[in-house]
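Trainee: I would be grateful for a close look at the salt bridges of this structure. Please explain the terms as they arise.

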Amino acid sequence: MPTSPTSPPTGRWLDVARATGLLSDDGAVAQTIFAEMTVLANRTGAINLGQGFPDVDGPGAIKEAAKAAIDAGRNQYAPGDGVPELRRAVADHQRRRYGLDVDPDTEVLVTTGATEALTASILALAGPGDEVVTLEPFYDSHAAAIAMAGATHVPVPLTAEGLRLDAAALRAAVSPRTRMIVVNTPHNPTGTVLTRAELEQVAAVAREADAVVLTDEVYEHLVYDDAVHVPLATLPGMAGRTLTVSSSGKTFSLTGWKVGWVHGPAPLITAVRTVKQFLSYSSGAPFQPAIAGALADEETPRALAASLASRRDLLCDGLEAAGFDVVRPQGTYFVIADGAPLGFDDGHELCRRLPDLAGVVGVPVSAFCRAGSTAAESMRSRVRFTFVKRQDVLADAVGRLARLTS
């Protein structure tokens, strides 16, 4: 009796592999660019500025609250919707910061990180025959979730200059088949924070198309300079058609806890819950009450944003001194640098050579685009670096990048 299939398995995984650029023309499945660059960093001893996770833990008080919850016996399944105190904390946070009136009992759903919230939302509300519009570049899980749903992905490229919303391109991309528009602001990988005026253009298109808007706002607290994060649900007529996703991971530097949430009108949350309960059902029982207490803390996210703004400037200044063209980000963990002035018109090639040239690892921005798309071509020479690392690590990286000038 055979111990393994005699031919490759078929199924939706093939669509996901294609959508995320992991399936080659000969049918082989490649590792992600993040995995490839991490392996390269480990092999060469290069500083890994490719993956966006902090190299220090979050606040001790939040960790102590989780330990207390463990000791108090909160170690079995949490309610499928999330523990009541976290749902109330999310609702209070949205009311306090943005003036949104959210019912914690019917309009908030706790998820295993923002990725599950986004995936469950797309699976619940889009399917074969539907179109889902996203910005491009896009976070890879957005494309994967659309593929899993069997829907058609319609990306809208940000402008090559300035990395801003192209309102005309968005309007042209929407059709009678558009079921959902996915908006990520602050935006990964570019660091763009969409302005109220840009979001009003998105809202107008969504209302005209009668489309649901799914917003990925995980970096909502991490904005810099004079940028302001505006939740799309706060715009006139949008609360009733918007699902808002965020999480604790980026805000509190606790990415491994995977505590996220989605809120929106009760009928949409019911649909998302129906799918979500067959994904993880529930998770993070002792972490959820710890995050509930943390959401009342306004100072910790402010201090992190101020620290990150300083680290952003350190890395951006170093990249510019090394010869890159840099678009200084308004938010997130990331900065986009163009290697063309250094003679590299291919970001993939530059990223593979950087460990030897400068002892640093980045990720090509084209990995966040569809192969062959207009955005992939306009981003071809650009590389994403993260600055969510310790000051001394970034200073070391900047010193290594200086080798490029010679």
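Mentor: The following account takes up the salt bridges one by one. The model is predicted, with local features requiring pLDDT of at least 70 and side-chain atom pairs counting only at pLDDT 80 or more, while totals for chains, interfaces and linings use all residues. Residues are numbered from 1 along each chain as its sequence is written, and side-chain values use heavy atoms, leaving out hydrogens and water.

The structure contains 28 salt bridges, a salt bridge being a side-chain nitrogen of Lys or Arg within 4 Å of a carboxyl oxygen of Asp or Glu. One of them joins the side chains of Arg74 and Glu85, at 2.6 Å from N to O. This pair links distant parts of the chain, 11 residues apart: Arg74 is in the loop between α3 (60-71) and α4 (84-98), and Glu85 is in helix α4. Here helices (H or I, at least four residues) and strands (E, at least two) are DSSP runs, numbered from the N terminus. Arg74 is partly exposed, at 32% relative accessibility, and Glu85 is also partly exposed, at 24%. Buried means under 20% relative accessible area, exposed means over 50%, and partly exposed lies in between (1.4 Å probe, protein chains only).

Another salt bridge connects Arg87 with Asp105, at 3.5 Å from N to O. Arg87 lies in helix α4 and Asp105 in the loop between α4 and β2 (108-112), so the pair ties together parts 18 residues apart in sequence. Arg87 is buried, at 9% relative accessibility, whereas Asp105 is exposed, at 54%.
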